[in-house]
Amino acid sequence: MSFESIGLSESILRAVEKQGYDTPSPIQEKVIPHILAGKDVLASAQTGTGKTAGFTLPMLEILNKVQPTGKKPVRALVLTPTRELAAQVHESVESYSEFLDMNSTVIFGGVKQMKQVARIKKGVDILIATPGRLLDLVDQKLLFLDKVEFLVLDEADRMLDMGFARDLNKILALLPAKRQNLLFSATFSPEIKKLAKAFMHFPKLVEAEPENSTVDKIIQTVYRVDIKDKLPVLINMINDGDWKQVLVFTRTKHRANRIADKLNKVKITASAIHGNKSQGARTKALEDFKTNNIRILVATDIAARGLDIPLLPHVINYELPNVQEDYVHRIGRTGRAGASGEAISLVAHDEVDYVAGIEKLLGEKFERNIIEGYEPKLEDAPPTKKQNGGGNRPRNIRNSDTVPKRRTQKNFNDKKKRKFVGKK
Ligand code: AMP
């Protein structure tokens with residue numbers, strides 16, 4: 001299938017060509033025809049699959065068919081969980097609509113509202129927003145949503161995780177009943193299905209990849225190390241591999257800051273990105289990382305959500321996420337756009353259960369590797385009921401499972417060898 005045969009107009013095809021896209025990605029092939037046919041769509045697609053163009057291109061096609069006269073009302077509303085994702089989606093919408101008479105803007109909290117309000121007053125066709133700032137402006141009667149024809153919930157699972165369910169309900173109540181609804185989510189959890197049922201009209205179900213699968217091209221490796229050794233191991237990996245662009249994940253903001261500080265102290269340039277940082281600081285850190293001004297970006301899950309970092313070779317889970325689906329999002333940052341990537345997890349004694357949970361989710365097993373010189377001294381923590389699938393898993397399986405494979409070579413940054421001891 002090509003972008004031409006999928007039914008997009010010349011002005012949109014020109015923008016697609018300018019982006020250098022040859023063929024639609026699998027999710028685009030699946031969702032675009034449904035959206036062009038006017039259907040509601042419930043799609044499971046991770047970041048990196050091309051989902052943004054998947055909903056934006058057909059939306060532009062439809063909106064462009066009938067253009068209102070006079071001041072433009074908001075005709076399409078795209079809701080995202082984070083400011084970064086909102087900014088990124090806006091950037092995509094701008095480039096895909098470059099050759100159309102179509103305006104878009106983005107609004108989010110954490111910055112003054114004045115400029116955003118001024119832009120809205122001029123009239124916008126497509127508004128990309130985070131829920132909080134959107135409701136804030138609606139409450140102040142600075143924004144009206146009664147002409148919305150398209151609603152897109154992007155990364156809806158994360159919106160629910162972040163506690164936006166109430167805000168979403170309030171927003172839904174502000175929209176006209178007759179509209180087209182698109183919901184994109186990394187997973188089809190029961191909560192997502194419930195949400196979809198509440199506001200979508202016979203949605204077409206589309207899955208880009210089997211649910212919760214990881215991309216095959218990503219080499220996933222698990223190292224069992226003690227907490228106290230994680231930092232030296234991380235530093236050695238970066239130095240020995242001479243890695244230039246590494247995304248490191250932590251569970252907490254505090255740890256993200258601490259690691260960035262420690263890395264800078266040993267002359268490995270790094271910035272932390274998390275919810276307590278100002279919008280300006282987050283944007284700068286991301287920009288510095290993208291332009292290779294810094295080598296390491298240390299991020300928490302929420303801050304990293306939706307970041308578009310092309311061709312990222314290395315992702316390191318300094319700590320495993322306690323929400324298993326986040327692992328899929330994290331490693332989705334590598335091996336993008338056809339390139340292969342590497343995801344490394346440093347697992348402490350109290351995180352082995354998280355590995356088991358992730359394995360269960362993905363339906364595959366990882367070997368537990370150890371690094372010479374950093375052999376774990378602490379015993380694996382016993383499984384908890386919850387993380388052990390409700391306690392149904394026989395204990396002997398866990399024991400044989402978690403015996404780490406001893407690494408023989410000293411240099412754990414020898415890529416070939418690391419691949420060899422990797423999964424499967
Ligand atoms: P997304 O999943 O929307 O964040 O997109 C991930 C990346 O894929 C972005 O850098 C897009 O520019 C890129 N992309 C989107 N569609 C295509 C396509 N059909 N061919 C190649 N790259 C694409």
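**Exercise 1. Pairing at the sheet edge**

Which residue of β11 is the bridge partner of Ser-271? Place this pair within the sheet of the predicted model.

*Solution.*
Step 1. The bridge partner of Ser-271 in β11 is Leu-297.
Step 2. This pair belongs to the contact between β10 and β11 (residues 296-299), two parallel strands joined by four bridges.
Step 3. The strands are ordered β10-β11-β9-β12-β13-β8-β14 in an open sheet of seven, and the pairing is parallel.
Step 4. At the edges stand β10 (270-273) and β14 (368-369), each of which pairs on one side only.

**Exercise 2. Helices packed on the sheet**

Determine which strands helix α10 touches and which strands α14 lies across, and state the angles.

*Solution.*
Step 1. Helix α10, residues 227-241, packs on the sheet and touches β8 (218-224), β9 (246-249), β11, β12 (314-317) and β13 (341-347).
Step 2. The direction of α10 makes about 160° with that of β13.
Step 3. Helix α14, residues 324-331, lies across β8, β9, β12 and β13.
Step 4. Relative to β12, helix α14 runs at about 155°.

**Exercise 3. The two sides of α1**

Identify the buried residues of helix α1, explain why they line one face, and name the elements they pack against.

*Solution.*
Step 1. Within α1 (residues 10-19), the buried positions are Ile-12, Leu-13, Ala-15 and Val-16; the criterion is under 20% relative accessible area.
Step 2. Viewed down the axis of α1, the buried residues fall within an arc of 160°, so they line one face of the helix.
Step 3. A general principle applies here: an α-helix has 3.6 residues a turn, so residues three or four places apart point the same way.
Step 4. Glu-10, Glu-17 and Lys-18 are exposed on the other side of α1.
Step 5. The packing partners of the buried residues of α1 are α3 (51-65) and α4 (83-96).
Step 6. Just after α1, Gly-20 adopts a positive phi of about 85°.

**Exercise 4. The two sides of α5**

Carry out the analysis for helix α5: which residues are buried, which are exposed, and what covers the buried ones?

*Solution.*
Step 1. In α5 (residues 114-122), Gln-116, Val-117 and Ile-120 are buried.
Step 2. Their directions, seen down the axis of α5, fall within an arc of 95°, so these buried residues line one face of the helix.
Step 3. Exposed on the other side of α5 are Met-114, Lys-115, Lys-121 and Lys-122.
Step 4. The cover over the buried residues of α5 includes β3 (104-107) and α6 (131-139).
Step 5. Gly-123, just after α5, takes a positive phi of about 105°.

Notes: Residues numbered from 1 in each chain as written. Predicted model: local features only at pLDDT ≥ 70, side-chain atom pairs only at ≥ 80, totals over all residues. Heavy atoms only, no water. Pairing = 2+ DSSP bridges. Contact = heavy atoms within 4.5 Å. Axes fitted to C-alpha atoms, helices over the stretch in contact; angles between N-to-C directions. Buried < 20%, exposed > 50% of the residue type's maximum accessible area, 1.4 Å probe, protein only. Arc of directions from axis to C-beta.
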